[in-house]
Structure formats: structure tokens, C-alpha cells
Amino acid sequence: MTIRTHVLGFPRIGAARELKLALESHWRGELSEAELEATGRQLRARHWAQQRDAGLDYVTVGDFAFYDQVANHIQLLGCEPARFHFAPEQSPLARYFTMARGADTHAVHAGCGHAHHAHAAGTAALEMTKWFDTNYHYLVPELSPQTRFSLACERLLAEVAEAQALGHPVKAALIGPLTFLWLGKEKTPGFDRLALLEQLLPVYGALLDRLKQQGVTWVQLDEPILGLDLPNAWRSAFESTYWQLNQVGMNILLATYFSPLEENLSLTCRLPVAGLHVDGIRAPHELISVTDWLPAHKVLSIGIVDGRNIWRTDLDAALAVLRPLAARRDGHLWLAPSCSLLHVPFSLEAETELDGDIRSWLAFATEKLAEIAILKGALAGHPDDAALAQSRLAVAGRRASPRVHRPHVAQRLQALSPTVDRRDSGFRQRQAMQRARLQLPDFPTTTIGSFPQTPAIRAARASHKRGELASAEYERQMRAEIAHAVGRQEELGLDVLVHGEAERNDMVEYFGEQLDGFVFTRHGWVQSYGSRCVKPPVIYGDVQRPAAMTVAWTVHAQSLTNKPMKGMLTGPVTILQWSFVRDDQPRAATALQIALAIRDEVADLETAGIGIIQIDEPALREGLPLRRGQWDAYLNWATRAFRIAACVVSDTTQIHTHMCYAQFNDILPQIAAMDADVITIETSRSDMALLAGFGQFQYPNEIGPGVYDIHSPRIPSTLDMVTLLQKASAVIPPAHLWVNPDCGLKTRGWAETEAALQNMVAAARQMRAA
């Protein structure tokens with residue numbers, strides 16, 4: 001029996017976020033390029049040693065990046081955009097960070113839980129977007145008829161030599177050529193980036209040849225686009241592409257993940273490669289078909305440990321899947337996590353404060369290496385009985401835990417009436433009643449929710465968390481910050497105010513900390529992009545709201561003004577998307593539980609006299625499945641979850657939602673079906689182009705297109721905003737338009753915030769006068 005083990009990729013940030021700290025130190029000018037490179041070498045050596053010590057047959061080289069793996073390939077393949085005008089004397093690393101952060105960049109900011117670049121004073125950074133359906137962001141290659149490729153960067157080859165010098169058997173990992181082109185963006189109208197394949201393939205061929213000369217025996221080429229609904233031209237390109245690459249004589253392990261292969265299954269199994277990796281977590285139903293279709297002489301690598309979530313593997317269940325497959329492959333099988341372990345935290349070792357029961361249910365990247373080794377031993381006839389027994393105990397404990405299952409939560413879900421997700425009246429009737437109650441002018445002005453999180457606010461919160469600042473004093477300080485934010489909004493002349501969210505650390509974490517069924521790690525960091533790391537909450541059990549979460553803060557803010565005060569909540573789908581979600585029930589059921597918890601908060605806000613309640617859903621679009629055939633099912637339960645959260649109020653209470661940084665035009669009917677009275681969206685970066693879709697669709701409710709980009713330090717003029725509002729008025733009835741920034745303001749300073757909002761209020765007044 002030949003069982004081999006490997007990983008598709010490993011977290012690069014380090015056990016204590018060493019990469020993050022080194023990067024930020026380098027960007028501040030405190031750490032030299034040579035010192036940063038040394039940190040990278042230390043991390044790679046440590047991570048390879050971990051893979052070897054866990055008993056893996058290969059260490060993976062090529063998964064390390066100082067910012068992002070797609071950006072690595074832009075340099076490797078010699079296609080840095082010409083617009084950067086790089087000088088010959090600039091080092092590859094300096095050029096790399098210029099592409100990632102822009103020239104003369106200001107700080108990189110993240111608002112609303114999303115990652116974005118500040119616009120550079122000189123050259124803007126590469127665009128950034130989500131890696132498939134994950135919360136990881138990659139830098140988008142810019143492709144045009146002028147794009148040229150060449151083997152331009154020796155970094156991968158140097159890292160291979162590093163690993164070999166340390167005595168490791170190496171498997172090099174690369175993004176496949178078709179996926180690389182798919183991830184890019186055409187910069188010339190009418191140009192098809194697939195046309196670049198012909199000149200890209202010789203560069204891949206040359207790279208495979210160099211790796212072969214270095215003694216590398218296996219190269220992993222990631223082609224996750226095989227799990228998408230591909231146009232015929234892209235599907236057809238796979239056979240000739242891999243026929244050409246196969247001529248080099250290198251063993252290629254073609255890797256797919258995140259999605260079933262479906263109509264691409266037989267094509268993928270027929271490709272002229274030495275092996276195929278498939279995702280046994282996202283597509284378990286395809287494993288037997290793949291085993292049957294894949295020729296017997298080819299390697300089959302099965303992703304049997306979940307690379308996207310943090311739950312311990314049920315090893316008995318995994319072995320029950322693997323044994324018959326191993327028998328069909330005559331004992332020849334490779335084992336791996338389903339995808340790169342980039343998407344999970346580094347190690348459980350540091351989680352000493354985590355509840356013991358819950359800790360026993362989890363496995364981070366380091367623990368997943370051990371799981372792969374245990375599965376290999378059991379399949380090879382050398383079972384680790386103690387480890388298997390421990391796994392059984394943890395799995396059974398989680399299944400039976402009363403902390404996971406709260407019968408009254410299930411009973412409440414079963415008792416929901418068919419009309420629980422409907423308002424009493426249609427939008428037109430509600431609109432008339434809300435206008436009578438709120439008495440707002442045309443083009444009413446508001447903000448998205450958060451105001452600057454000053455060093456004083458952050459210091460008070462950290463001090464309170466450490467137990468150094470008493471709760472009463474912390475509350476006094478936060479109330480003072482709220483009063484400050486309300487006072488400034490009054491002075492600016494905004495029409496609908498917010499409390500500023502001084503007391504909130506993060507738009508998901510704040511709510512998760514107050515809901516049953518959530519737990520938080522201390523060190524469970526996951527890279528989002530570059531040096532930006534997030535620490536997702538863990539949803540381990542049935543969700544319910546033990547007590548009001550925002551009401552006291554919002555009521556205090558409303559007591560300070562006669563103007564309407566918005567209650568600010570995060571929506572159920574966004575809380576779900578930005579957490580590690582339990583895997584023992586459908587995601588739709590968990591979303592529904594969160595929706596009911598938010599519904600209780602909405603009801604309490606309304607009872608307390610709050611007339612406008614905003615339920616943010618920036619992650620609704622990113623939750624879309626990779627296959628269009630699954631969109632309707634997802635959108636049905638996702639929009640229903642939003643409506644259940646919102647539709648507890650009377651017609652006179654106005655429900656807002658906020659979405660940002662996503663393409664909405666292909667799901668506009670479903671956005672309309674959410675039936676929010678007002679939706680605010682990001683549109684300033686697209687010069688209001690995004691609104692055209694809303695206009696053509698004749699979006700029925702009110703809409704607040706963002707009139708300035710809060711992620712840029714630039715303060716737009718009143719004229720800039722009037723111009724955008726005039727464009728908006730051409731496609732949306734002016735009586736339905738609100739005036740607001742693109743996103744929350746927590747990452748900005750007060751001086752620029754006030755200057756921009758002053759111009760925004762002036763722009764709204766000009767529109768009213770016109």
C-alpha cells in the first residue's frame with residue numbers, strides 16, 4: 001500500500017503573526033528589506049519542519065507570500081502592469097509592495113469588515129477582490145493586448161533550493177495558467193484575456209523545466225476554476241494546455257477545490273497529468289465517480305480534512321470514506337486537507353483560555369497535519385489507537401453536548417408562522433407613513449454607522465478588556481464619546497444621526513460576544529490580505545440572544561438629539577459569513593437562528609422609540625455559491641433570514657440595510673425581495689455606474705448611493721458630490737435618493753471626516769435648491 005501525505009498550502013503569518021509584525025515594521029521604515037527577507041526564511045524553515053515532523057511525505061514550496069500568492073505570480077510570470085513605470089534599480093520586493101499598496105501610499109484601511117486600498121498619491125494599487133468564496137483577498141492581475149510574459153522572478157526557485165538544502169522532499173505549488181488568467185481583469189474593452197494563453201504557456205513550460213532541473217519531482221498546479229460554470233472556450237482550453245505542459249516531463253498534480261467538478265468531472269480526469277487532487281469536503285458525492293474515471297496509473301489525492309473550517313475531523317467517518325477508495329486504487333492514495341490551510345488559524349496550542357470542551361472539538365492548521373498523519377497510519381495498517389479513541393471521544397462529546405443543542409431554539413424555529421418574513425403593508429404605504437413620522441427633507445443626509453475610532457477609544461476598550469478599567473468608568477467614557485459624535489453630527493447639519501459605535505470592536509465580534517452559541521479565540525488569526533488578519537468568531541451551538549445588545553447605547557444617543565437616531569445592527573448573513581460556522585446542521589438553519597436573535601433586538605429598539613433601524617448585510621453577495629445552479633436556494637434562505645430579522649416592526653419604522661464593494665446587478669431581484677425601506681451602497685469608485693443596473697431594474701424602494709470613497713484620504717469637493725448626485729438622479733427618482741458616504745468612517749480621522757461630511761451636506765442642500 002502506497003499512501004502519501006501533503007498539504008496544498010500552509011498559513012504563512014506564523015504562530016504569533018510574525019509576518020504581519022515584520023511587514024508593518026518594514027513599511028514604517030524600521031526593518032530593512034534584508035531583515036524582512038530573513039523573517040520570511042525563518043518562517044518557511046519553521047513551517048517546512050512542522051510539515052516534516054508531522055510525517056508528511058512532501059513539504060509544499062510556493063505557498064509563501066509577503067502579501068498575496070497571486071501577486072507572487074504576477075512577478076514570477078513577468079506581467080507587472082506597465083502603468084507602474086518601474087525603474088531598473090527598484091528591487092523586486094519594492095516593486096511588489098508598490099503593486100500591492102500603491103506608490104507613496106497612505107495606510108491601508110479596512111472598514112465594514114472589508115479590505116481595500118487607499119488610493120495612492122501617485123499610482124493606485126492593483127485592485128483587490130475575494131479569492132473565490134473565501135474571505136481572503138487577492139490582487140487582481142491587469143491584462144491587456146500589450147501584456148507580455150516571461151520567467152522574470154527567481155523567488156520560487158530560490159525557495160525550492162532553500163527547502164532542499166534543509167533536506168526536505170519538495171512539492172512545488174503554483175496557480176495553474178488558466179486559473180491565473182481567469183482571476184485577471186481585462187483593461188481593454190472587448191479584449192478576451194484567454195487570448196493570452198498561447199504566450200503564457202511557454203513561460204509555464206520553462207518554469208516546470210527549471211524545477212525539473214532542480215530535482216523537483218512533483219509540481220501542484222491549482223485550477224480551482226474547474227469547479228465553476230466555465231464558458232466553452234475556457235473548458236476547451238484545458239486539454240491542449242495540459243498536453244503542452246505535459247511535454248516537459250514533470251509530474252503534475254492538478255488541484256481543484258472549493259466546489260464539485262460536475263460537468264467538468266470527466267474532462268478533468270482525462271487531462272494528461274500525473275495526478276489529481278479533489279475536495280472531499282465540498283464534493284464528497286463525487287469521490288466514487290472521480291475514482292472510477294481517473295485512470296489507474298494516475299495519483300488520486302483526496303482532500304479529506306476540512307481546510308476551510310476549524311472542526312476536528314471525525315476520523316472514523318473519514319476512514320469509512322477512504323478505505324473503499326483505497327481498495328479501488330489498489331492501495332495507492334494521497335491524503336491532504338481539502339484546500340490550502342491558509343484559511344484556518346495556525347495552532348490551538350496558544351488557546352489556553354478556551355473552554356476545555358469546546359477546545360477539544362477544534363483543529364487548526366497544526367492539528368490538521370496530525371489528523372492527516374493519523375489517517376495515513378490507520379489506512380496503512382498502523383493505527384494510532386490512542387489518537388483514534390481521543391477523536392471518537394471528542395466527536396461524541398460535541399454531538400451530545402447540551403451546550404450545542406438548545407431545544408427551545410429549535411422549537412421557536414418550528415413554530416414560525418408563514419408571514420414571519422413579511423411587513424404589514426407594501427413599500428408605498430409604508431413610505432407615506434414613515435415620511436409623515438420622520439419629516440425628513442428631500443435628499444436626506446446620513447452616514448453608514450461608525451465614526452472615527454480614536455486612539456483614546458481603542459485604549460479604553462483594551463484597558464476594559466484587560467480588567468484594568470472598571471465597567472462603570474468604561475461606560476461613562478463611551479457615553480461621552482457617543483455625545484461627542486452626536487454633537488458633531490448636529491453641528492454638521494446631518495438629517496439622520498448615528499451613535500458612532502464607539503463601544504464596538506468589530507461589526508461581527510461585538511454581536512457574537514453577546515449571543516449564546518458563539519465562542520472567541522485569543523490567537524485564532526487568519527490572513528485576509530497582506531498584513532491584515534481577522535479573528536473570526538466560532539459558532540459552535542444554537543444561537544439565541546440572552547439580553548439586549550445595543551438598545552441602551554442607542555437610547556442614550558437618541559436622548560441627546562431631536563433628530564432621528566438610527567439603531568445599528570449587523571445582519572444574520574454577514575455574521576454567518578464572517579464566522580467559522582458549525583458543520584453539524586445546514587448553514588441556512590444557523591442563519592435563521594441568528595436572524596431571530598437580531599429580530600429580538602430590532603423589536604426592542606422599536607419599543608424603545610427608535611424609528612430607523614439599519615441592518616447591515618455587506619456579505620450577502622459574497623455568500624453566493626460558486627455554481628449558479630445553487631444561487632436561488634442560497635438567495636432564498638439568505639434574503640428570508642434578513643426579512644425575518646427586519647419584519648417585526650410596524651409600518652412607521654424605517655428599515656435600512658447597507659451593502660458594499662460587490663457587483664449587485666445580477667442579483668437585483670433578490671435584493672429588492674429583501675424589502676428594506678432604504679438600501680445604502682458603495683458607488684463612488686464606479687462613478688455611479690453601479691446605479692445604472694438599479695435604474696434599469698426600476699428598483700422600487702429608496703436608495704443611498706455612496707457619494708464619496710471613505711477608504712481614500714482625499715476629501716471630495718461639494719461639486720464632486722453634486723455631480724455624482726446628478727448622475728444618480730438621472731437613473732433613480734430623486735424623491736427616492738438619500739445622501740451618504742460609501743461605508744463606515746471608523747478608519748478615518750475626525751478632521752477629514754468633518755471636512756468631507758460638511759461638503760456632503762452642502763451638496764444635498766444644493767440638490768434640494770435645484
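Visitor: How much surface does the protein chain expose, and what share of it do carbon and sulfur atoms supply?

Guide: In this predicted model, the protein chain exposes about 28,100 Å², and 52% of that area is supplied by carbon and sulfur atoms.

Visitor: And what percentage of the residues count as buried?

Guide: Of the 770 residues in the protein chain, 61% count as buried.

Visitor: What about overall dimensions: how does the radius of gyration sit against a compact globule?

Guide: A compact globule of 770 residues would have a radius of gyration near 27 Å, and the protein chain has 27 Å, so the two agree. Taken along the principal axes, the C-alpha atoms fill a box of roughly 75 × 60 × 50 Å.

Visitor: How many helices and strands are there?

Guide: The protein chain holds 27 helices and 22 strands. As for how contacts are spread along the sequence, among those with a separation of 6 or more, 79% come from residues 24 or more positions apart.

Visitor: Let's go to the N-terminal helices. At what angle do α1 and α2 cross?

Guide: Helix α1, residues 18-27, and helix α2, residues 33-53, have axes that come within 10 Å and cross at roughly 170°. The two helices are therefore roughly antiparallel to each other.

Visitor: Which residues make that contact?

Guide: From α1 the contact takes Glu 18, Leu 19, Ala 22, Leu 23 and His 26, while α2 contributes Glu 33, Leu 36, Thr 39, Leu 43 and Arg 46. By character, these residues divide into five nonpolar, two polar and three charged.

Visitor: Switching to α3, how many of its residues are buried?

Guide: Eight of the eight residues of α3 are buried, so this helix is largely enclosed by the rest of the structure. The residues concerned are Gln 69, Val 70, Ala 71, Asn 72, His 73, Ile 74, Gln 75 and Leu 76.

Visitor: What covers them?

Guide: The cover includes the helices α4, α5 (155-165), α6 (177-183) and α7, together with the strands β4 (137-139) and β6 (170-175).

Visitor: Which residues other than glycine have a positive phi?

Guide: Two examples are His 85, whose phi is near 50°, and Phe 258, whose phi is about 80°. For background, most residues other than glycine have a negative phi.

Visitor: Where do they sit, and is each buried or exposed?

Guide: His 85 is found in the loop between α3 (69-76) and α4 (92-101), and it is exposed, with a relative accessible area of 67%. Phe 258 is placed in the loop between β9 (251-255) and α9 (265-270), where it counts as buried at 3% relative accessibility.

Visitor: Back to strands: where is Thr 60, and what does it touch?

Guide: Thr 60 is in strand β2, residues 59-61, and it is buried, with a relative accessible area of 0%. Leaving aside residues up to four places away in sequence, Thr 60 touches Val 7, Leu 8, Trp 48, Gln 51, Lys 171 and Ala 173.

Visitor: One last residue: which helix holds Pro 202?

Guide: Pro 202 lies in helix α7, residues 197-213, and with 45% relative accessibility it counts as partly exposed.

Visitor: How far is Pro 202 from Trp 48?

Guide: Their C-alpha atoms are separated by 30 Å, and the two residues are 154 residues apart along the chain.

Definitions and conventions
Residues numbered from 1 in each chain as written. Predicted model: local features only at pLDDT ≥ 70, side-chain atom pairs only at ≥ 80, totals over all residues. Heavy atoms only, no water. Axes fitted to C-alpha atoms, helices over the stretch in contact; angles between N-to-C directions. Helix = DSSP H or I, 4+ residues; strand = E, 2+ residues; numbered from the N terminus. Parallel < 35°, antiparallel > 145°, perpendicular 65-115°, else oblique. Contact = heavy atoms within 4.5 Å. Nonpolar A, V, L, I, M, F, W, Y, C, P; charged D, E, K, R; others polar. Rg over C-alpha atoms; globule rule 2.2 N^0.38 Å. Buried < 20%, exposed > 50% of the residue type's maximum accessible area, 1.4 Å probe, protein only. Areas by Shrake-Rupley, 256 points an atom, 1.4 Å probe, with all protein chains shown as cover.
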